[in-house]
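Work through the following exercises with the sequence and the model open. Each task is followed by a solution in steps.

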Amino acid sequence: MSRIAIRYREKDLLAQLRNNNRNAFEYLYNHYSAALFGVILKIVKDEDKAADVLQDSFLKIWRGMASYSSERGTLFTWMLNIARNTAIDTLRVDAKTAGKIIRLDAIVEPEVGVADGWPRHALDMDVRSWVARLLPERRVPIELVYFQGYTHEEVAEKLSVPLGTIKSRIRKGLQELRCVFSTPELQLKIA
């Protein structure tokens, strides 16, 4: 069977997703599930549990599609954060039920590649080097939240800084990074 390749801009795909278009969600799952599964697996370290977390993540993505804002980042980054946070939440729940303590700084950042399903443009960006260029007051909270898995509250406590200040510093740092990583509308190929 031959497929006709159709190109959509990200905003067109988003419009279809927000209208609950089944084909758009199938496309989203088919093109991003491998990348998200790879990240989840490196956090939870169990394939069955990772599969469950992936399903939970896509349910959250589906239900939360109306809350996505392209002004805050790309669709892929938004989905990646949902998957990562869902995996970390799963670890926390498991730790509570098993009476274990999980050190979030022990979760290593995954080494990813095209084989893991990551889009090529995501691999070409050296995010850590750009984060390292931020002012320390913005860099440190961003590293703790996005690279080590701390919550905003935990960062505020760890740094002895008010929660509102931490959130403001992270927001300003992310705004600076958005300027660096903003690209023309991503062309998505839907088959």
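**Exercise 1.** Among contacts in the protein between residues at least 6 apart in sequence, what percentage join residues at least 24 apart?

Solution. The model is a predicted one. Take the contacts between residues at least 6 apart in sequence; 65% of these join residues at least 24 apart.

**Exercise 2.** Give the secondary structure of the protein and the order of its elements.

Solution. Start with the totals: nine helices and two strands. Then read from the N terminus, which gives β-α-α-α-α-α-α-α-α-α-β.

**Exercise 3.** What share of the residues is buried, and which residues of helix H7 are buried?

Solution. The protein has 191 residues, and buried ones make up 35% of them. In helix H7 (residues 136-147), the buried residues are Arg-138, Pro-141, Ile-142, Leu-144, Val-145 and Phe-147. For the spacing of such a list, recall that residues three or four places apart in an α-helix point the same way, because there are 3.6 residues a turn. After H7 comes Gly-149, with a positive phi near 85°.

**Exercise 4.** Where is Asp-46 found, and why can it count towards a surface patch of negative charge?

Solution. Asp-46 lies in the loop between helix H2 (22-44) and helix H3 (47-64). A patch residue needs over 30% relative accessible area and no salt bridge. Asp-46 has a relative accessible area of 34%, so Asp-46 is partly exposed and passes the area cut-off. The negative patch on the surface gathers Asp-46, Glu-47, Asp-48, Asp-52 and Asp-56.

**Exercise 5.** How much accessible surface does the protein have?

Solution. The total comes to about 11,800 Å², and carbon and sulfur atoms account for 52% of that surface.

Technical notes
Residues numbered from 1 in each chain as written. Predicted model: local features only at pLDDT ≥ 70, side-chain atom pairs only at ≥ 80, totals over all residues. Heavy atoms only, no water. Patch = residues over 30% accessible without salt bridge, like charges linked within 9 Å, V, L, I, M, F, W, Y side chains within 5 Å. Areas by Shrake-Rupley, 256 points an atom, 1.4 Å probe, with all protein chains shown as cover. Salt bridge = Lys/Arg side-chain N within 4 Å of Asp/Glu carboxyl O. Lys, Arg positive; Asp, Glu negative; His and termini not counted. Charge placed at Lys NZ, Arg CZ, Asp CG, Glu CD. Helix = DSSP H or I, 4+ residues; strand = E, 2+ residues; numbered from the N terminus. Buried < 20%, exposed > 50% of the residue type's maximum accessible area, 1.4 Å probe, protein only. Contact = heavy atoms within 4.5 Å.
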